[in-house]
Amino acid sequence: MSETNHATVAVTGVTGALGSRIAARLADHGVPQLLVGRSPDLMPKLPGAQRRGPAAYADASAMRQALEGASTLILVSGHRTGRRLEEHSTAVEAAIAAGVDRVLYVSLVSAAPTATYLNARDQWLTEQFLAGAGIRHTVLRAGFYASTPAALADEAFVVSGPVTTGRAAFVTHEDIADVITAVALDEGPRSEHDGATLEITGPEALTLDEAVSRIAAATGRPYRFETETLEEAFARRFRLGMSGQQIETWISWYQAIERGELSVVTDVVPRLTGSPATPISDAAWWPEPNTARGTAELRRERS
């Protein structure tokens with residue numbers, strides 16, 4: 001563990017797969033932390049970390065109180081609610097009011113006002129808000145998670161979607177967390193990353209068929225990919241009981257891959273961490289089938 005005296009970092013999303021990894025790495029470096037979220041009782045217990053909340057992004061008063069004493073805020077993007085910009089901007093304004101000096105915002109590769117993947121549009125709006133908020137900030141655009149195809153599989157380990165030859169540079173949670181940690185540890189009144197947009201990707205762009213085949217080889221499970229038409233993709237998800245918004249979001253995810261909007265490969269991981277980006281076949285963990293957002297909620301409702 002490092003003996004360096006670090007400024008306090010507030011981390012959101014620590015009950016999730018990414019935020020928990022970021023918090024664990026900061027704890028390993030001896031960084032004092034404020035773990036901020038809606039469910040403090042579900043947050044990890046880490047050395048040097050205080051659990052703060054309940055504090056939802058949209059609750060300005062609770063967020064301001066939870067962020068008191070932090071120098072840097074790592075803002076892990078919230079779920080798509082239809083008001084994500086309003087929620088994120090409220091959290092950032094609360095951070096400014098609490099005296100936070102810097103925001104590290106976890107966005108998405110391909111964030112743009114007309115991005116095919118609907119979640120990436122919300123992310124772009126938050127990026128624009130940060131650019132005009134008058135606070136030091138870095139945008140960390142994460143690529144699609146390497147774990148997502150496995151989570152999308154059904155009980156027979158089949159991943160289905162309306163995509164054929166499109167590619168994406170799938171990236172592991174671990175690599176994303178390592179990059180964010182490196183930026184967070186670059187302390188001081190100025191950083192080379194101030195105002196920067198860093199696109200965090202895996203080492204190569206794969207088709208979904210290639211990605212799923214590598215997951216099968218790595219896990220020994222019979223994962224396979226099957227292409228669907230748009231009509232088939234909609235009908236199957238509708239039969240599962242997904243909401244219209246969930247269907248629209250997931251189909252747009254596949255379409256973004258098909259259109260090559262997630263195929264960029266960058267050197268951000270090796271440049272900031274000193275280690276090569278992790279191939280999808282070497283990912284540290286794999287979720288069970290039917291655990292992707294939307295599908296997982298439906299399974300819980302039926303159990």
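**Reading a seven-stranded sheet and its aromatic neighbours**

Modeller: Let us begin with His193, whose place is in the loop between helix H6 (173–185) and S9, where helices (H or I, at least four residues) and strands (E, at least two) are DSSP runs numbered from the N terminus. This is a predicted model, in which local features need pLDDT of at least 70 and side-chain atom pairs count only at pLDDT 80 or more, while totals for chains, interfaces and linings use all residues. Residues are numbered from 1 along each chain as its sequence is written, and side-chain values use heavy atoms, with hydrogens and water left out.

Colleague: Why does His193 count as buried, and which residues does His193 touch?

Modeller: Buried means under 20% relative accessible area, exposed means over 50%, and partly exposed lies in between, with a 1.4 Å probe and protein chains only. His193 counts as buried because its relative accessibility is 7%. Contact means heavy atoms within 4.5 Å, and, not counting residues up to four places away in sequence, His193 touches His137, Thr138, Val183, Asp186, Leu198 and Leu272.

Colleague: How should I read the sheet, and what is the order of its strands?

Modeller: Two strands pair if DSSP finds at least two bridges between them. Here an open sheet of seven strands, with parallel pairing, has the order S3-S2-S1-S4-S5-S6-S9. Its edge strands are strand S3 (49–52) and strand S9 (197–200), each of which pairs on one side only. For angles, axes are lines fitted to C-alpha atoms, for helices over the stretch in contact, and the values run from 0 to 180 degrees between N-to-C directions; from one strand to the next, the twist averages 20°. S9 pairs with S6 in the parallel sense over four bridges, and the bridge partner of Arg141 in S9 is Glu199.

Colleague: What covers the faces of strand S1, and which strands pair with S1?

Modeller: In a regular strand the side chains alternate between the two faces of the sheet. In S1 (residues 9–12), Val9 and Val11 on one side and Ala10 and Thr12 on the other are all buried, and both faces are thus covered. S1 runs parallel to strand S2 (residues 33–36), to which four bridges join it, with Gln33 as the bridge partner of Val9. Parallel pairing also links S1 to strand S4 (residues 72–76) over three bridges, and there Leu73 is the bridge partner of Ala10.

Colleague: What handedness has the unit made by S1, helix H1 and S2?

Modeller: A crossover is right-handed if, with the strands pointing away from the viewer, the path from the first strand over the helix to the second runs clockwise. S1, helix H1 (residues 17–28) and S2 make a right-handed β-α-β unit.

Colleague: Which strands does helix H3 lie across?

Modeller: Helix H3 (residues 84–97) lies across S4 and S5, running at about 170° to S4. H4 packs on the sheet as well, touching S5 and S6, and its direction makes about 160° with that of S5.

Colleague: How many aromatic pairs does the structure hold?

Modeller: Rings of Phe, Tyr and Trp (its six-membered ring) pair if their centres lie within 6.5 Å, planes under 30 degrees apart counting as stacked, over 60 as edge-to-face and the rest as tilted. The structure holds six aromatic pairs. One of them, Tyr117 with Phe144, is edge-to-face at 5.3 Å centre to centre and 85° between the planes, and both residues are buried. Trp250 and Trp253 also form an edge-to-face pair, at 5.6 Å and 75°; both are buried.
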